[in-house]
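Work through the exercises below with the model open beside you. Each task is followed by a stepwise solution.

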Amino acid sequence: MSAPEHIQIQLISAEAFAPFGDLLDIAGKPDKIINQGLCGRYHDRAQMAFVEGRAGLSLFNAEPRDLPMPLAMMERHPEGSQAFIPMSEHGFLVIVAADAGGKPGHPIAFETQPGQAVNFHRGTWHGVLTPLQAPGLFAVVDRIGAGDNLQEHWFDAAYVVCR
């Protein structure tokens, strides 16, 4: 039996994450100053896309994971994008993969920084919600509608995600 393949976590950047989705943060100058000059608005930062249905906002409360962590499964949502917005001041683990003939290619692991969120483009293979610290409370914006919007792929052998 061979040793599992290790995936090294890298710091997320908008450029590295672009093939998979949008990195949501307040980098750069705000697009507008609102609320009597007391609030910077960083406008329209995510490409939310839905085949049918509507955008819905849900709250997820996930248990933190320990590293190293096995990665046995990835999922995707072919009918709509999905945004994960942490409701705490902790970064979280984001695992993505390009599509390789209807299944995930080689996974890539990113760690966000406090104040960053992600939006997965429609059909992007990704790992499950993975906070590394408690609380694991997130606002999630995704498609609400009829039909199955979840595809899972289980790997023959789990990867190991580590620092």
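Two residues are in contact when heavy atoms of theirs lie within 4.5 Å. Keep in mind that this is a predicted model.

**Exercise 1. Contacts of V118**

Task: List what V118 touches, leaving aside its neighbours within four places in sequence.

Solution.
- Step 1. Apply the contact cut-off, heavy atoms within 4.5 Å.
- Step 2. Drop the neighbours within four places of V118.
- Step 3. Read off the partners of V118: I12, F17, D22, L23, L24, Q82, A83, F84, F92, V94 and T112.

**Exercise 2. The cores**

Task: Find the largest nonpolar core and say which elements give two or more residues to it.

Solution.
- Step 1. Start from the general rule: in soluble globular proteins, nonpolar side chains tend to be buried together.
- Step 2. Count the residues of the largest nonpolar core: there are 15.
- Step 3. Pick those with the most contacts inside this core: F17, F84, V94, V96, V118 and F120.
- Step 4. Assign elements. Two or more core residues come from each of β8 (92-97), β10 (117-120) and β13 (137-144). Strand β8 gives the most, with 3 residues.
- Step 5. Look for another core. A second, separate one has 14 residues, among them M69, M74, L93 and W125.

**Exercise 3. F84**

Task: Is F84 buried or exposed? Which residues does F84 contact, leaving aside neighbours within four places in sequence?

Solution.
- Step 1. Locate F84 in strand β7 (residues 82-86).
- Step 2. Compare its accessibility with the cut-off. The relative accessible area of F84 is 5%, and buried means under 20%. F84 is therefore buried.
- Step 3. List the contacts of F84: F60, F92, A117, V118, F120, L129, F138, A139 and V140.
- Step 4. Take one of these partners, L129. The C-alpha atoms of F84 and L129 are separated by 8.1 Å, with their places 45 residues apart along the chain.

**Exercise 4. The whole chain**

Task: How does the radius of gyration of the chain compare with the globule rule?

Solution.
- Step 1. Take stock of the elements: 1 helix and 14 strands.
- Step 2. Compare the radii. The chain has a radius of gyration of 16 Å, and the globule rule gives 15 Å for 163 residues. The two are close, so the chain is as compact as a globular protein of that length.
- Step 3. Add the box. Along the principal axes, the C-alpha atoms fill roughly 65 × 35 × 30 Å.
- Step 4. Check burial: 40% of the 163 residues count as buried.
- Step 5. Check contact range. Of the contacts between residues at least 6 apart in sequence, 81% join residues at least 24 apart.
- Step 6. Turn to the surface. The chain exposes about 9200 Å², with 53% of it supplied by carbon and sulfur atoms.
- Step 7. Place the charges. The mean positions of the 11 positive and 18 negative charges are 7 Å apart.

**Exercise 5. Backbone exceptions**

Task: Where are the cis peptide bonds that join L67 to P68 and A134 to P135? Which residues other than glycine, N35 and D44 among them, have a positive phi?

Solution.
- Step 1. Recall the norm: most residues other than glycine have a negative phi, and most peptide bonds are trans.
- Step 2. Take L67 and P68. Their cis bond has an omega of about -5 degrees. P68 sits in the loop between β5 (54-61) and β6 (69-76).
- Step 3. Take A134 and P135. Omega of this cis bond is about -5 degrees. P135 is in the loop between β12 (130-131) and β13.
- Step 4. Turn to N35. Its phi is positive, about 55 degrees. N35 lies in the loop between β3 (32-34) and β4 (39-41), and is partly exposed at 46% relative accessible area.
- Step 5. Turn to D44. Its phi is near 50 degrees. D44 lies in the loop between β4 and β5, and counts as exposed at 63% relative accessibility.

**Exercise 6. K103 and D156**

Task: Classify K103 by its accessibility, and do likewise for D156.

Solution.
- Step 1. Place K103 in the loop between β8 and β9 (108-111).
- Step 2. Classify K103: 43% relative accessibility makes this residue partly exposed.
- Step 3. List the contacts of K103, not counting residues up to four places away in sequence: A98, W125 and H153.
- Step 4. Place D156 in strand β14 (residues 151-162).
- Step 5. Classify D156: at 87% relative accessibility, this residue is exposed.
- Step 6. Add a distance. The C-alpha atoms of D156 and A134 are separated by 30 Å, and the two residues are 22 apart along the chain.

How values were computed
Residues numbered from 1 in each chain as written. Predicted model: local features only at pLDDT ≥ 70, side-chain atom pairs only at ≥ 80, totals over all residues. Heavy atoms only, no water. Helix = DSSP H or I, 4+ residues; strand = E, 2+ residues; numbered from the N terminus. Rg over C-alpha atoms; globule rule 2.2 N^0.38 Å. Buried < 20%, exposed > 50% of the residue type's maximum accessible area, 1.4 Å probe, protein only. Areas by Shrake-Rupley, 256 points an atom, 1.4 Å probe, with all protein chains shown as cover. Lys, Arg positive; Asp, Glu negative; His and termini not counted. Charge placed at Lys NZ, Arg CZ, Asp CG, Glu CD. Core = buried A, V, L, I, M, F, W, Y, C linked by side-chain atoms within 4.5 Å.
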